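Dear colleague,

I am passing on the structure we spoke about, and below it I have set out what was found. Please read the notes with the model open beside them.

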Amino acid sequence: MKKIASFTIDHIKLEPGLYVSRKDHIGAETVTTFDIRITNPNEEPVMNTAEVHTIEHLGATFLRNHKDYDEKTVYFGPMGCRTGFYLLLAGDYESKDITGLMTEMFEFIRDFDGEVPGAAAKDCGNYLDMNLSMANYYAKRYLENVLYVIDEAHLVYPE
C-alpha cells in the first residue's frame with residue numbers, strides 16, 4: 001500500500017504553521033486542504049481532547065458564519081494526532097491566501113467568552129468534553145507564535 005500524502009511530510013522537521021496539505025480535483029472543482037499545525041509534533045505535548053473539541057466547535061461556527069467563506073467551507077476538524085486541525089475549502093488556494101482568515105478565526109477563539117456553540121447534549125455527542133480557557137490559550141499562542149509573525153518557512157512544508 002502506498003503512503004497517504006500526510007504521512008510523507010517529515011514530522012521531525014515540521015513546526016507550527018499554516019500549510020497546504022493537498023489539493024483534490026472533483027470534476028472542475030478544486031478542494032484545498034490546509035494543515036493548521038498548532039503544536040510542534042513529537043517535541044511538545046499534544047493538545048488534550050477538551051481544548052481540541054472546543055476549538056473545533058468555535059472554529060467551525062466561525063467559518064460557517066463568515067461573510068466570505070461560509071459557503072466555501074467544506075470541513076474544519078482536528079487531526080487524530082492532536083497537534084492541529086484540517087481545513088478544507090472549496091477553491092484553489094495557497095497558505096498565504098488564508099492567513100487573514102485564520103487570524104480572524106483564532107482571534108475569535110482567543111477572545112471567545114461564553115457558552116461554546118453546540119456544547120449541549122442535544123447538539124453534541126460528547127458535550128461535556130470542553131475546555132474554553134485552554135482553547136483561548138492555544139489560540140493566543142498560535143496567533144503570537146505563528147500568524148502574527150508568519151513567514152515562508154511556516155507557509156510551505158519543510159523539505
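Leaving out residues up to four places away in sequence, Gly77 touches Glu56, Phe85 and Tyr86. Please keep in mind throughout that this is a predicted model. Gly77 belongs to strand S3, and its relative accessibility of 0% falls under the 20% limit, so it counts as buried. Between the C-alpha atoms of Gly77 and Ser21 there is a separation of 14 Å, the two residues being 56 apart along the chain.

Ser21 itself sits in strand S1, which covers residues 17-26. With a relative accessibility of 17%, Ser21 is also under the 20% limit and therefore counts as buried. Once its neighbours within four places in sequence are set aside, Ser21 is in contact with Thr33, Phe34, Asp35, Tyr86 and Tyr157. Tyr86 thus deserves a look in your viewer, as it is listed among the contacts of Ser21 and also among those of Gly77.

The next item is the packing of two helices. Helix H1, residues 49-64, and helix H3, residues 132-145, pack with their axes 8 Å apart and at an angle of about 75°. Because angles of 65 to 115 degrees count as roughly perpendicular, H1 and H3 are placed in that class. On the H1 side the residues that take part are Glu51, Thr54, Ile55 and Leu58, and they meet Leu132, Met134, Ala135 and Tyr138 of H3. By character, the residues of this contact divide into six nonpolar, one polar and one charged.

Helix H3 also holds Asn136, which at 18% relative accessibility counts as buried, since the limit is 20%. Apart from neighbours within four places in sequence, Asn136 is in contact with Ile109, Arg110 and Phe112.

Which residues lie closest to the centre of the largest pocket? The pocket in question has a volume of about 250 Å³, and of the 18 residues that line it, the closest to its centre are His11, Arg37, Met79, Cys81 and Thr83. The lining as a whole is made up of ten nonpolar, six polar and two charged residues.

Two residues stand out for their backbone geometry, and you may wish to inspect both. Asn42 is not a glycine, yet it has a positive phi of about 65°; its place is in the loop that runs between strand S2 (29-37) and H1, and at 69% relative accessibility Asn42 counts as exposed. Arg82, likewise not a glycine, has a positive phi of about 65°, and this residue lies in the loop between strand S3 (73-78) and strand S4 (84-90). What is the relative accessibility of Arg82, and how does the residue count on that scale? The value is 29%, and because partly exposed covers the range between 20% and 50%, Arg82 is put in that class.

Finally, a few words on two lysines and the distances computed from them. Lys2 is found in the segment before S1, and its relative accessibility of 76% means that it counts as exposed. The C-alpha atoms of Lys2 and Gly118 are separated by 38 Å, with these positions 116 residues apart along the chain. Lys67 is located in the loop between H1 and S3, where a relative accessible area of 71% makes it exposed. From Lys67 to Lys140, which are 73 residues apart along the chain, the C-alpha atoms are separated by 23 Å.

With best regards

Technical notes: Residues are numbered from 1 along each chain as its sequence is written. This is a predicted model: local features need pLDDT of at least 70, side-chain atom pairs count only at pLDDT 80 or more; totals for chains, interfaces and linings use all residues. Side-chain values use heavy atoms; hydrogens and water are left out. On a 1 Å grid over the protein atoms alone, a cavity is a set of points where a 1.4 Å probe fits but cannot get out, and a pocket is an open set with protein on both sides within 12 Å along at least five of seven lines; lining residues have an atom within 4 Å of a point. Grid points are joined across faces, edges and corners, and a volume is the space filled by probe spheres set on the points. Ala, Val, Leu, Ile, Met, Phe, Trp, Tyr, Cys and Pro count as nonpolar, Asp, Glu, Lys and Arg as charged, and the others, Gly among them, as polar. Helices (H or I, at least four residues) and strands (E, at least two) are DSSP runs, numbered from the N terminus. Buried means under 20% relative accessible area, exposed over 50%, partly exposed in between (1.4 Å probe, protein chains only). Contact means heavy atoms within 4.5 Å. Axes are lines fitted to C-alpha atoms, for helices over the stretch in contact, and angles run from 0 to 180 degrees between N-to-C directions. Angles under 35 degrees count as roughly parallel, over 145 as roughly antiparallel, 65 to 115 as roughly perpendicular and the rest as oblique.
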